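Subject: Structure handover

Hello,

Here is the structure I promised you. Please open it next to this message, as my notes follow the view residue by residue.

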Amino acid sequence: MSQSLQFMGLVSALESPEFRLLEVRGGNNQPKISVESLHGEEYSGLFRIYRKSGEPPHVADTSEVIDALSSYFAQGYEQAICYTERGHITYTRTPKGIRIKSEQPSQEEQGKEQHKVDVKYLLESQRTRSMLTELGILTTEGAIRREQYNKLIQIKNFLNIISEILPELRELSHINIVDGACGKSYLSFVLYYFLHEEWRIDARFTCIDTNKTLIRRCQQIRDSLSYEQMEFLDTAVKDFPSGQRVDMLYSLHGCDTASDEAIAAGVRLNSKIILVVPCCHFELRSQLHRHPLKGLTKYGLLEERFAALLTDALRALALEAAGYDTSALRFVMDDISPKNTLLRAIKRSSSPNPQATQQYLELRRMFGVSPTIERLLPDIFKKSELA
Ligand SMILES: C[S@@+](CC[C@H](N)C(=O)[O-])C[C@H]1O[C@@H](n2cnc3c(N)ncnc32)[C@H](O)[C@@H]1O
């Protein structure tokens, strides 16, 4: 049977603007394979194929995707699901050939998808395009700047994480958002647009950064977009004044201990949601001198990675200790940014969690380190426990 008959409907689904994702799944612990379309005029009609096993992704056109799919099925993969905005098509390998089943999205899927953003969607509206141009992500001709493509993917993924978590705040008539270490505030400007103009949610933003020049630039962009419910403060996150209700605090790639400042500010201000993607983990690396697992930190690169892992594990435990349900997620693929651990924390309890505090203390004692997060949360880590 020809490939186009075997995978009937797939070529038109891949080439339609409604295409979202093709996922190939196997048994026997075969890593999942994802196929996503690339964006930007120069990438039109091209797809990125990657296996969740860590090997580098490769770029393919439609017919190469179909060839690749045939070869995956020949290697023992069992199912491919092509998701589009109008539903999904499932191709399942059976002894008699490929079985094809088309389905409309379920009501639950439609609910989940309601706020889902993809890059095409981001670029659809003239408002977002002019904002992304103002932010320097698009050229004045409207093309994605090559060096900014990864930033766009980060914004898209962050928006989707926020859209999934927003129901946690459904009781509120308006939400107060803090962006710690906002830089050029790409994320907050785009989120403002989606919250106010697409999702119709009243949200007020406070964006903080120590870089005065960037803060002034953000204020200019805010004025040119007339985004009145955004304020910008040139201060360190740790000095952000309390006294106002904060519902969601996020910090994307705050340098080194700025992520600790963000976590601590979120805890101190009792923010329902805290989302932090840490960056450049310098602090603990310089403290890893005496500990029982020397082999782990003998080699420079591994020491750097281990310091990052230890720092983020301690941060996650600190959040748990403060009563947050915490998870660590991969935020973007490694080739988009190697700094791709997202700590997602939702406040579930007003009392501290002593088991998490204990785990935190054991871990930091084992490695003989003294992390900033602990000093910034003195009420969680009582002095008596730190001895
Ligand atoms: C890598 S940039 C990230 C900017 C932005 N969040 C993004 O993802 O595009 C890090 C930013 O953190 C800011 N920063 C560093 N330490 C800070 C602190 N303690 N408080 C506030 N901002 C800080 C820097 O000025 C810089 O703009």
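Cys 182 is buried, at 9% relative accessible area. Please keep in mind that this is a predicted model.

**Cysteines**

How many disulfides does the structure hold? The count is zero. Cys 182 is in none, and its nearest cysteine sulfur belongs to Cys 218, 5.0 Å away. The reverse also holds: Cys 218 is in no disulfide, and the sulfur of Cys 182 is the nearest cysteine sulfur to it. A disulfide needs the two sulfur atoms within 2.5 Å, so a pair at 5.0 Å does not count as one. Cys 218 is buried too, with a relative accessible area of 0%.

**Two turns of the backbone to check**

Ala 181 is not a glycine, yet its phi is positive, about 60°. Look for Ala 181 in the loop between strand S8 (175–180) and helix H8 (186–198). Arg 200 also has a positive phi without being a glycine, here about 55°. Arg 200 sits in the loop that runs between H8 and strand S9 (203–209). Is Arg 200 buried or exposed? It counts as exposed, at 66% relative accessibility.

**Nonpolar cores**

The largest nonpolar core has 56 residues. Seven of them touch the most other members: Phe 158, Ile 177, Phe 189, Leu 191, Phe 205, Tyr 250 and Leu 275. Tyr 250 is a good one to click on. Setting aside neighbours within four places in sequence, its contacts include Phe 158, Ile 177, Leu 191, Phe 205 and Leu 275. Asp 179, Gly 180 and Ser 188 are also among the contacts of Tyr 250. So is Val 178, which belongs to a second, separate core of 38 residues. That second core also includes Leu 269, Leu 288 and Leu 377. As background, nonpolar side chains tend to be buried together in soluble globular proteins.

**Two more buried residues**

Val 65 is in helix H3 (residues 62–74). Its relative accessible area is 2%, so it is buried. Which residues does Val 65 contact beyond four places in sequence? They are Leu 14, Leu 22, Val 35, Phe 47, Ile 49 and Ala 60. Val 65 and Ile 49 are 16 residues apart along the chain, and their C-alpha atoms are separated by 8.0 Å.

Ile 380 is in a loop, between helix H13 (372–376) and helix H14 (383–386). Ile 380 nevertheless counts as buried, at 14% relative accessibility. Pro 352 is 28 residues away from Ile 380 along the chain, with 7.0 Å between the two C-alpha atoms.

**A pocket**

The second largest pocket holds about 580 Å³ of space. Its lining has 20 residues. Nearest the pocket's centre are Arg 305, Ala 308, Pro 338, Lys 339 and Thr 341. Where does the largest share of the lining come from? H11 supplies it, with eight residues. H11 covers 300–321, and strand S14 (341–347) also gives at least two residues to the lining. By class, the lining is 11 nonpolar, three polar and six charged residues.

Over to you.

Best wishes

Methods. Residues numbered from 1 in each chain as written. Predicted model: local features only at pLDDT ≥ 70, side-chain atom pairs only at ≥ 80, totals over all residues. Heavy atoms only, no water. 1 Å grid on protein atoms, 1.4 Å probe; cavity = no way out; pocket = protein on both sides within 12 Å on 5 of 7 lines; lining within 4 Å. Points joined across faces, edges and corners; volume = space filled by probe spheres on them. Helix = DSSP H or I, 4+ residues; strand = E, 2+ residues; numbered from the N terminus. Nonpolar A, V, L, I, M, F, W, Y, C, P; charged D, E, K, R; others polar. Core = buried A, V, L, I, M, F, W, Y, C linked by side-chain atoms within 4.5 Å. Buried < 20%, exposed > 50% of the residue type's maximum accessible area, 1.4 Å probe, protein only. Contact = heavy atoms within 4.5 Å.
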